[in-house]
Amino acid sequence: MTTTTKTSKAWGAWLFALSLGTAAGACFNPAGGRPTDTTDTVGCPPGTLGCPCDEAGLCIAGLVCEDGTCLDEPTEPPTSGAATGDTGATSVEPTGADSTGSAATEGDTTIGLGTDGTTGDGGTGFGSTGLGSTGEASTGGESSSGGIPPVGVMETVDFPLAGDPRFILSGTRPWNAGDYYEGVRMTSVPSVSQLDVHLELGAENGLNDCGFQETQVSLNGVAVGTFTIAQGDVAIDQVYAAPDVAGPEYTIRYETTTTVESGCGSSGYGEVGSTVTLHE
């Protein structure tokens with residue numbers, strides 16, 4: 001007859017509790033918060049915190065697999081972005097903009113600047129055409145001399161005068177084609193590009209309402225223009241462009257080109273107050 005004692009029952013209960021504690025301790029270490037034995041997966045679901053990674057080497061969201069164990073992702077300190085104030089950096093814009101963001105002109109050299117206005121090597125920022133205070137290339141374009149272009153020479157002479165040569169076919173006035181007044185003047189004008197004619201007529205104009213006297217103006221044999229005298233005209237004022245007639249000595253000539261019709265009168269030239277102005 002077998003007798004079961006209370007001591008035997010108590011010993012069996014203690015052995016059962018010990019086996020449960022061993023199994024639990026293999027999966028979780030209360031002091032460390034993570035399993036100490038990663039080879040025993042009993043009671044530790046793969047892919048969860050502190051447990052082995054799953055068969056694909058993955059863990060649940062928020063965990064990373066390191067050395068076969070799922071751990072928290074390391075927390076990295078936040079970055080503050082690109083450092084500013086790099087005084088040694090140069091800025092190269094792919095679109096040809098200068099360091100201030102404005103477009104560089106064609107042919108200019110653009111060197112970017114740091115925040116203290118220096119280039120990467122500590123030098124000063126230069127453009128290809130000058131020094132800009134903020135790194136831009138200077139535009140230039142101003143005259144280096146800054147002078148004013150010289151004013152061309154101009155001189156006024158009296159013409160015609162009583163002693164100037166003339167040819168009058170009939171009468172005392174140049175009313176026939178081919179009649180002329182001519183005079184030679186020595187001036188300080190090296191060449192003439194413009195000729196201004198002022199001709200006093202006054203009482204010399206004897207044309208009536210049917211008379212027109214046409215005259216050609218020439219300088220050193222170069223025709224520069226014409227003028228027409230009509231009834232009642234007291235003066236002629238004309239400006240002519242001249243094709244750089246060389247001087248400084250000039251022969252001025254007024255020659256009648258069309259004969260005034262018979263009975264329509266004629267006109268002479270006033271020999272006091274009539275002038276010609278020569279422009280270089």
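This report walks through the salt bridges, one well-covered strand and a few unusual backbone spots in a predicted model.

**Salt bridges**

Let's start with the charged side chains. Searching the whole structure turns up 4 salt bridges. Here are some of them, with the N to O distance for each pair.

| Salt bridge | Distance, N to O |
|---|---|
| Arg185 and Asp164 | 2.8 Å |
| Arg253 and Glu182 | 2.6 Å |
| Arg253 and Glu255 | 3.0 Å |

Take the pair Arg185 and Asp164, whose side chains meet in a salt bridge. Arg185 sits in strand S7, which covers residues 180–186, while Asp164 belongs to the loop between strand S5 (154–158) and strand S6 (166–167). The two are 21 residues apart, and the pair links distant parts of the chain. Are these two buried or exposed? Arg185 has a relative accessibility of 11%, so it counts as buried. Asp164 comes out at 10%, so it counts as buried too.

Now look at Arg253, which forms a salt bridge with Glu182. Arg253 is in strand S12 (residues 249–256) and Glu182 is in strand S7, so this pair ties together parts that are 71 residues apart in sequence. Glu182 has 22% relative accessibility and counts as partly exposed, because the buried label needs a value under 20%.

Arg253 also meets the side chain of Glu255 in a salt bridge. Glu255 is partly exposed, with a relative accessible area of 25%. Put these pieces together and you get a network of salt bridges that links Glu182, Arg253 and Glu255.

**A covered strand**

Next up is strand S13, made of residues 275–279. How many of its residues are buried? The count is 5 of 5. If you look at the two faces of S13, you'll find both covered: one side carries Thr275, Thr277 and His279, and the other carries Val276 and Leu278.

Which strands pair with S13? One of them is S5, which pairs with S13 in the antiparallel sense over 5 bridges. Within that pairing, Asp158 has Thr275 of S13 as its bridge partner. Strand S8 (residues 191–200) also pairs with S13 in the antiparallel sense, over 5 bridges. Here you can spot Leu195 standing opposite Leu278 in S13.

**Unusual backbone spots**

Before the last stop, a bit of background helps. Most peptide bonds are trans, and most residues other than glycine have a negative phi. The spots below go the other way.

First, the peptide bonds. Phe159 and Pro160 are joined by a cis peptide bond, with omega about 0°. You'll find Pro160 in the loop between S5 and S6. Another cis peptide bond joins Gly247 and Pro248, and its omega is about 10°. Pro248 has its place in the loop between strand S11 (235–246) and S12.

Then there are the phi angles. Asp67 has a positive phi, near 55°, and is not a glycine. Its home is the loop between strand S1 (63–66) and strand S2 (69–72). With 84% relative accessibility, Asp67 counts as exposed. Asp244 has a positive phi as well, about 50°. This residue is found in strand S11. Is Asp244 buried or exposed? Its relative accessible area is 55%, so Asp244 is exposed.

Note on methods: Residues numbered from 1 in each chain as written. Predicted model: local features only at pLDDT ≥ 70, side-chain atom pairs only at ≥ 80, totals over all residues. Heavy atoms only, no water. Helix = DSSP H or I, 4+ residues; strand = E, 2+ residues; numbered from the N terminus. Buried < 20%, exposed > 50% of the residue type's maximum accessible area, 1.4 Å probe, protein only. Pairing = 2+ DSSP bridges.
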